[in-house]
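Could you walk me through this model in the viewer, one selection at a time? I would like to know what to click on next and what is there.

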Amino acid sequence: MVHVMCKRFDQLSARLRDDLGRYRHQVFIRDLGWDVVSTSFLPEREFDQFDHPGTRYIIALDARGNICGCSRLLPTGEPYLLGEVFGYLCDEAPPADPLTWEISRFAASADQGSAVAMRVFWYSLHKAWQQGAGAVVAVTTQAMERYFLRHGVALQRLGAPQVVKGERLLALSFAAFQPNGVKALRAQGREVA
């Protein structure tokens, strides 16, 4: 059984914050080979300038309490990854609106299957919607765009894909409220308003 929760950075226990940093380091730096510099003072933890007290995290925990998926949510009215680092992926200026949020650092452990990944994703969109978001944006790969489309996610491109360090990256926008997401969360026994 997987439990999914939403917490602000300042609501995470010291242990959960440490586990999240370790999980992100494992996924993004070790496994995916991202060239990112962590702001953590501890080794083998991945955090950056967008991790601060108001940042919201979606965290999936397996039956043993280990992190098996995560994402990060930020309103685009404050500094965020797409706006600050990858704005060139958008045909127009990146959103800067408290009603548009960003999902980043989205991951799920492969041994949990795609059900956990989509549960984290749908839950992330739903939590952004509950906070007043109408749309959620992200920087991702074309492979992830195809993955989302296969799973019934309504999306639109904010610009043409571009090759960045050998990967075809693009910026996407998702409606925060998606009937397919609500249906999936209800099927998993999640309360959705």
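Helices and strands here are DSSP runs, of at least four residues (H or I) and at least two residues (E) respectively, numbered from the N terminus. Please keep in mind along the way that this is a predicted model.

**Stop 1: a residue in a strand**

With that definition in hand, select Ser 173, which belongs to strand S8, residues 167-175. Is Ser 173 buried or exposed? Its relative accessibility is 12%, so Ser 173 counts as buried, the cut-off for that label being under 20%. Now show what surrounds it. Setting aside neighbours within four places in sequence, Ser 173 is in contact with Ala 135, Val 136 and Val 137, and also with Ala 154, Leu 155, Gln 156 and Leu 158.

**Stop 2: a residue in a loop**

Next, pick Ala 96, in the loop between helix H2 (81-84) and strand S4. Ala 96 is exposed, at a relative accessible area of 67%. Once residues up to four places away in sequence are left out, Ala 96 touches Thr 76 and Gly 77. If you draw a C-alpha to C-alpha distance from Ala 96 to Gln 178, you should read 22 Å, for two residues that are 82 apart in sequence.

**Stop 3: helix H1**

Now select residues 14-31, which make up helix H1. Does its length fit the count of residues, and what should you expect to see from end to end? At 1.5 Å a residue, these 18 residues should span 26 Å, and the end C-alpha atoms lie 24 Å apart, which agrees. Look along the axis and you will find a kink of about 30 degrees, centred on His 25. Just after H1, stop at Gly 33, where phi is positive, at about 70 degrees.

Colour the helix by burial next. The buried residues of H1 are Leu 16, Leu 20, Gly 21, Tyr 23, Arg 24, His 25, Val 27 and Phe 28. His 25 is thus both the centre of the kink and one of the buried residues. To see what covers them, show strands S1 (3-8), S2 (56-61), S3 (67-75) and S4 (100-108), which are included in that cover.

Stay on H1 for a salt bridge. The side chains of Asp 18 and Arg 22 meet with N and O 3.0 Å apart. These two are 4 residues apart in the helix, so about one helical turn separates them. Arg 22 is partly exposed, with a relative accessible area of 40%.

**Stop 4: Arg 105 and its partners**

How many salt bridges does the structure hold? There are 13, and Arg 105 is a good place to look at some of them. Arg 105 meets Glu 46 in a salt bridge of 3.0 Å, N to O. Because Glu 46 lies in the loop between H1 and S2 while Arg 105 lies in strand S4, the pair ties together parts that are 59 residues apart in sequence. Glu 46 is buried, at 0% relative accessible area, and Arg 105 counts as buried too, at 7%.

Arg 105 also forms a salt bridge with Asp 48, with the closest N and O atoms 3.1 Å apart. Here again distant parts of the chain are linked: Asp 48 is in the loop between H1 and S2, 57 residues from Arg 105. Asp 48 is buried, at 6% relative accessibility. Select Arg 24, Glu 46, Asp 48, Asp 51, Arg 72 and Arg 105 together, and you have one network, joined by salt bridges that share partners.

Before leaving, show the ring of Phe 28: Arg 105 lies over its face, 5.6 Å from the ring centre. For another view of this kind, go to Phe 9, where the charged end of Arg 17 sits over the ring, 4.4 Å from its centre.

**Stop 5: the aromatic rings**

A search of the whole structure finds 11 aromatic pairs. Select Phe 106 and Phe 148, a tilted pair with 6.0 Å between centres and 40 degrees between planes. Phe 106 is in strand S4 and Phe 148 in helix H4 (residues 142-150), so this pair ties together parts that are 42 residues apart in sequence. Both residues, Phe 106 and Phe 148, are buried. To finish, add Phe 121, Trp 122, Tyr 147 and Phe 174 to the selection: ring pairs link these with Phe 106 and Phe 148 into a cluster.

Definitions and conventions
Residues numbered from 1 in each chain as written. Predicted model: local features only at pLDDT ≥ 70, side-chain atom pairs only at ≥ 80, totals over all residues. Heavy atoms only, no water. Expected span 1.5 Å × (residues − 1). Bend = angle between axes of the 7 residues up to and from the residue. Buried < 20%, exposed > 50% of the residue type's maximum accessible area, 1.4 Å probe, protein only. Contact = heavy atoms within 4.5 Å. Salt bridge = Lys/Arg side-chain N within 4 Å of Asp/Glu carboxyl O. Phe/Tyr/Trp six-rings, centres within 6.5 Å; stacked < 30°, edge-to-face > 60°. Lys NZ or Arg CZ within 6 Å of the ring centre and 35° of its normal.
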